[in-house]
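Welcome! Please take a moment with the sequence and the 3D view below, then try the exercises at your own pace.

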Amino acid sequence: MPENLSVPALDAASAAPELTAKLCHPHELSRRLALLPRPLVFTNGVFDVLHRGHVVYLAQARALGASLLVALNTDASARRLGKGPDRPLNNELDRAYVLAALASSSLVTWFDEDTPLELIALVRPDILVKGGDYDMARLPESKLVQSWGGRVLALPFVTGYSTTALVQKIRNS
C-alpha cells in the first residue's frame with residue numbers, strides 16, 4: 001500500500017466506516033495500539049483467498065488475548081514468497097478490508113519486507129502466533145518476542161484447507 005496515503009483516503013467512498021477504522025497504516029500503529037486492551041496477539045500472512053482454515057486460525061489467535069493485530073504482506077512482499085506469478089489473487093487493499101470485517105481482528109496493518117521482524121519490534125506484542133507449519137524455535141521473530149518476555153505459539157492447521165489447493169481446484173474446474 002502506498003506509504004503516502006492515509007488509511008481513510010485509500011477507499012473511504014466504498015468502505016463502511018467500521019471497516020476503515022480497523023485499517024492502520026504502520027506509521028500510526030504506536031498511537032492506535034495504545035488504545036487497545038492487552039494482551040496483544042500478533043499474527044501475519046498473505047490471507048489471499050480467505051477460507052475456513054484462516055478464520056478458525058484467526059479466531060483461535062484472538063482467543064489468546066484481548067486484541068489481535070493482523071499484519072498483511074503487501075502485494076510485492078507476497079509475490080516474493082514464491083506462491084506463483086499471479087498471486088496474490090486479491091490485492092492488498094481488498095485483503096485488508098476482508099480481514100477488517102472479521103470480528104476476530106482488532107486492527108489490520110501491512111508490511112512490505114520479506115518478514116514482519118521490523119513491525120514486530122515496533123509493536124512489541126505479548127503473543128506471537130503463526131500457523132502450524134512454522135518451527136517457532138527457528139524464527140527470528142520468536143526470539144525477538146521472547147526477548148521482552150512475550151510468548152510464541154504455532155496453532156494447528158484446520159486439515160484440508162489451503163489457498164494454494166483451493167486455487168488449483170478452481171483452475172481445474
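Four short exercises follow, each with a worked solution, and they concern a predicted model.

**Exercise 1. Work out the order of the strands in the open sheet and find which are the edge strands.**

Solution.
- Step 1: Begin with the general idea that strands of a sheet pair through backbone hydrogen bonds, either parallel or antiparallel.
- Step 2: Read across the sheet: the five strands come in the order E3-E2-E1-E4-E5, and their pairing is parallel.
- Step 3: Look for strands that pair on one side only; these are E3 and strand E5 (151–155).
- Step 4: Compare neighbouring strands: on average they are turned by 25 degrees against each other, direction ignored.
- Step 5: Zoom in on one pair. Strand E1 (residues 40–45) and strand E2 (residues 67–73) run parallel and are joined by six bridges. Within E2, Leu69 is the residue that stands opposite Phe42.

**Exercise 2. Find which strands helix H4 and helix H6 lie across.**

Solution.
- Step 1: Take helix H4 (residues 52–63), which lies across E1, E2, strand E4 (127–131) and E5. Its angle to E2 is about 140 degrees.
- Step 2: Turn to helix H6 (residues 92–100), which lies across E2 and E3. Here the angle to E2 is about 165 degrees.

**Exercise 3. Explore the loops on either side of E1, starting from Arg38.**

Solution.
- Step 1: Recall that side chains of opposite charge can pair when their charged atoms come close.
- Step 2: Arg38 forms a salt bridge with Asp126, with the closest N and O atoms 2.7 Å apart. This pair links distant parts of the chain, 88 residues apart: Arg38 is in the loop between helix H3 (29–33) and E1, and Asp126 is in the loop between H7 and E4. The model's count of salt bridges is four.
- Step 3: Keep in mind that most residues other than glycine have a negative phi, and most peptide bonds are trans.
- Step 4: The peptide bond from Arg38 to Pro39 is cis, with omega near 5 degrees. Pro39 sits in the loop between H3 and E1.
- Step 5: Phe47, in the loop between E1 and H4, has a positive phi, near 50 degrees.

**Exercise 4. Describe the second largest pocket and its lining.**

Solution.
- Step 1: The space in this pocket is about 230 Å³.
- Step 2: Its lining has 11 residues, and Pro26, His27, Trp110, Glu113 and Leu119 lie nearest the centre.
- Step 3: Strand E3 (107–111) and helix H7 (117–123) each supply at least two lining residues; H7 gives the most, with three.
- Step 4: Sorted by type, the lining holds five nonpolar, two polar and four charged residues.

How values were computed. Residues numbered from 1 in each chain as written. Predicted model: local features only at pLDDT ≥ 70, side-chain atom pairs only at ≥ 80, totals over all residues. Heavy atoms only, no water. 1 Å grid on protein atoms, 1.4 Å probe; cavity = no way out; pocket = protein on both sides within 12 Å on 5 of 7 lines; lining within 4 Å. Points joined across faces, edges and corners; volume = space filled by probe spheres on them. Helix = DSSP H or I, 4+ residues; strand = E, 2+ residues; numbered from the N terminus. Nonpolar A, V, L, I, M, F, W, Y, C, P; charged D, E, K, R; others polar. Pairing = 2+ DSSP bridges. Axes fitted to C-alpha atoms, helices over the stretch in contact; angles between N-to-C directions. Contact = heavy atoms within 4.5 Å. Salt bridge = Lys/Arg side-chain N within 4 Å of Asp/Glu carboxyl O.
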